[in-house]
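Student: Could you take me through one part of this model close up? I'd like to look at the nonpolar core and the helix packing around it.

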Amino acid sequence: MSSTAAPSSISAQPTSFPQSSPPSRKFTPTSKPIPLLPTQTARLYQHIHPALVLSLFYLSFSALVADPVSTLARLCLPIAVLQGLYCVLCLPTAQAGSFPKGPTGKRKHKPGEKKKDTGSDLSGKIIPTLLSLLLTLALAAPVLLILLILFGAPLTTHFAHNALCATHMALLALAPLFYVYGVDPPLWREICSASLPGDSVWGGTVGTVVGAWLGAVPIPLD
């Protein structure tokens, strides 16, 4: 008895290769909230600083209405001093942070290196503070002036008013950011995209921008 082997029918199936997914272009923020310095002075001055700034503008309100250009020009130095004092007493410098994840207020020490009190090391904060104010006036103020003009401020008139307004906004909003973040491009990308976590530094920036916008809204109604 002969048996015939039936040919096995093999169904041709297409070979599947794993598909490589395209690289993700999603922007993921990496910075962390900026903590205040762990000193009693920082905890105290963080509450005094807003009151000093508001009192300065409140006491100058009548002069500001009567002669805004000279009053704003006269207030630039006190505001710069108050912002610099806030940075020195309350905030960690950009060098004290761990990049690229953002400043943490704690500096990593090398093996065998003695820890220093970051809250009392005021001499090492003078130069970062001056550099932050210089960058604020040289870079941020002109950019804000251009933005004010693009958002409707007059171009051919009231130039001094707009320039001084941009200078005050830069000092209030961006000087602390330069102090704690330096000029690190990835971190400034997060700043420009409004992706920073909530903290006192970012809150001051948002408050300045929102306050300027709220102050400009009633102008067409005048």
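Tutor: Here's a walk through the core, then one buried residue, then one helix pair.

Keep in mind that this is a predicted model. The largest nonpolar core has 36 residues, and the ones touching the most other members are L91, L174, L177 and Y181. Quite a few helices chip in: α1 (40-59), α3 (68-90), α4 (123-150), α5 (159-173), α6 (175-181), α7 (185-192) and α8 (200-216) each give two or more residues. The top contributor is α3, with seven.

Zoom in on L91. Skipping neighbours within four places in sequence, L91 is in contact with I34, L36, L37, Y86, K125, P176, Y179, V180 and V201.

Now pick up L177 again, from the other side. T205, which sits in helix α8, is in contact with L177 and A173, again leaving aside neighbours within four places in sequence. T205 counts as buried because its relative accessibility is 7%, and the cut-off for buried is under 20%.

Back to α3, this time for how it packs on α5. Their axes are 10 Å apart, at an angle of about 15°, so α3 runs roughly parallel to α5. The crossing is left-handed. On the α3 side, the contact is made by P68, V69, L72, A73, L75, C76, I79, A80 and Q83; α5 brings A160, H161, L164, T167, H168, L171 and L172. Sort the residues of that contact by type and you get 12 nonpolar, four polar and no charged.

Definitions and conventions
Residues are numbered from 1 along each chain as its sequence is written. This is a predicted model: local features need pLDDT of at least 70, side-chain atom pairs count only at pLDDT 80 or more; totals for chains, interfaces and linings use all residues. Side-chain values use heavy atoms; hydrogens and water are left out. A nonpolar core is a set of buried Ala, Val, Leu, Ile, Met, Phe, Trp, Tyr and Cys residues joined through side-chain atoms within 4.5 Å. Buried means under 20% relative accessible area, exposed over 50%, partly exposed in between (1.4 Å probe, protein chains only). Helices (H or I, at least four residues) and strands (E, at least two) are DSSP runs, numbered from the N terminus. Contact means heavy atoms within 4.5 Å. Axes are lines fitted to C-alpha atoms, for helices over the stretch in contact, and angles run from 0 to 180 degrees between N-to-C directions. Angles under 35 degrees count as roughly parallel, over 145 as roughly antiparallel, 65 to 115 as roughly perpendicular and the rest as oblique. A crossing is left-handed if the near helix is turned anticlockwise from the far one by less than a right angle, and right-handed if clockwise. Ala, Val, Leu, Ile, Met, Phe, Trp, Tyr, Cys and Pro count as nonpolar, Asp, Glu, Lys and Arg as charged, and the others, Gly among them, as polar.
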